[in-house]
Amino acid sequence: MFDYEGEITHKMSSIFRILDPVVSLQEVPGEISLIFQITGCPHRCPGCHSPELWPSNGSRFDLERFTMEIERYRGLFTCVCFFGGEWLPGELLIYLNFARERGLKTCLYSGATEVHSSLYPALNYLKLGPWVEALGGLDKNTTNQVFLDLDKKSNLNYLFQRN
Ligand code: SF4
């Protein structure tokens, strides 16, 4: 189980940093997603294909930046998708609620096996599970990862697995 309290205490004075946002059709079935990659990932999955997310790279992220990006891509996306950030659930919740209040869907891609309970009401979709090379990602039926539609309380892994 991930030690949120310890991590929160450790990073109490930290803020999110992000790589440049991108629009993608891949991550959330049926949605066009505006992806925010939060750097400083603490999960350290062996074989991680995004090691650039380990250090706190990128630019400072705050509500002003979030608003600017939402406006920049207005009409081009339906869902805000965060890669990481669950290690500071109180901070992530601010952005999730801000998006939902503006009629956007929300998704979190987490490398943890569970996330803080406060995040669930603010999420429409949730991907859980660390990367395990031998098991593969969501596109493999051997995967340890799950992609959940929290509104319908259903597992959507089958939509990633075309063969
Ligand atoms: S959660 Fe994702 S970014 Fe973080 S170590 Fe695991 S695979 Fe890499």
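**Exercise 1.** What percentage of the contacts in the protein with a separation of 6 or more is accounted for by residues 24 or more positions apart?

*Solution.* The structure is a predicted model. Take the contacts with a separation of 6 or more; residues 24 or more positions apart account for 54% of these.

**Exercise 2.** State the secondary structure content and the order of the elements, then assess the compactness of the protein.

*Solution.* Step one: the protein contains three helices and nine strands. Step two: along the sequence these elements follow the pattern α-β-β-β-β-α-β-α-β-β-β-β. Step three: the radius of gyration is 15 Å, close to the 15 Å given by the globule rule for 163 residues, so the protein is as compact as a globular protein of that length. Step four: the C-alpha trace spans about 40 × 35 × 25 Å along its principal axes.

**Exercise 3.** Describe how the protein divides between interior and surface.

*Solution.* Begin with the residues: 48% of the 163 residues are buried. Then turn to the surface: about 8,600 Å² is exposed, and carbon and sulfur atoms supply 55% of that area.

**Exercise 4.** Locate Leu25, classify Leu25 as buried or exposed, and identify the surface patch to which Leu25 belongs.

*Solution.* Location: Leu25 sits in the loop that runs between β2 (22–24) and β3 (33–37). Classification: the cut-off for exposed is over 50% relative accessible area. Leu25 counts as exposed because its relative accessibility is 65%. Patch: Leu25 joins Val23 and Ile32 in a nonpolar patch on the surface, and together the three residues have about 250 Å² of accessible area.

How values were computed
Residues are numbered from 1 along each chain as its sequence is written. This is a predicted model: local features need pLDDT of at least 70, side-chain atom pairs count only at pLDDT 80 or more; totals for chains, interfaces and linings use all residues. Side-chain values use heavy atoms; hydrogens and water are left out. Patches are made of residues with over 30% relative accessible area and no salt bridge: like charges are joined within 9 Å, nonpolar side chains (Val, Leu, Ile, Met, Phe, Trp, Tyr) within 5 Å. Accessible areas come from the Shrake-Rupley method with a 1.4 Å probe; for residues, only the protein chains shown count as cover. A salt bridge is a side-chain nitrogen of Lys or Arg within 4 Å of a carboxyl oxygen of Asp or Glu. Helices (H or I, at least four residues) and strands (E, at least two) are DSSP runs, numbered from the N terminus. Buried means under 20% relative accessible area, exposed over 50%, partly exposed in between (1.4 Å probe, protein chains only). The radius of gyration is taken over C-alpha atoms; the globule rule is 2.2 Å times the number of residues to the power 0.38. Contact means heavy atoms within 4.5 Å.
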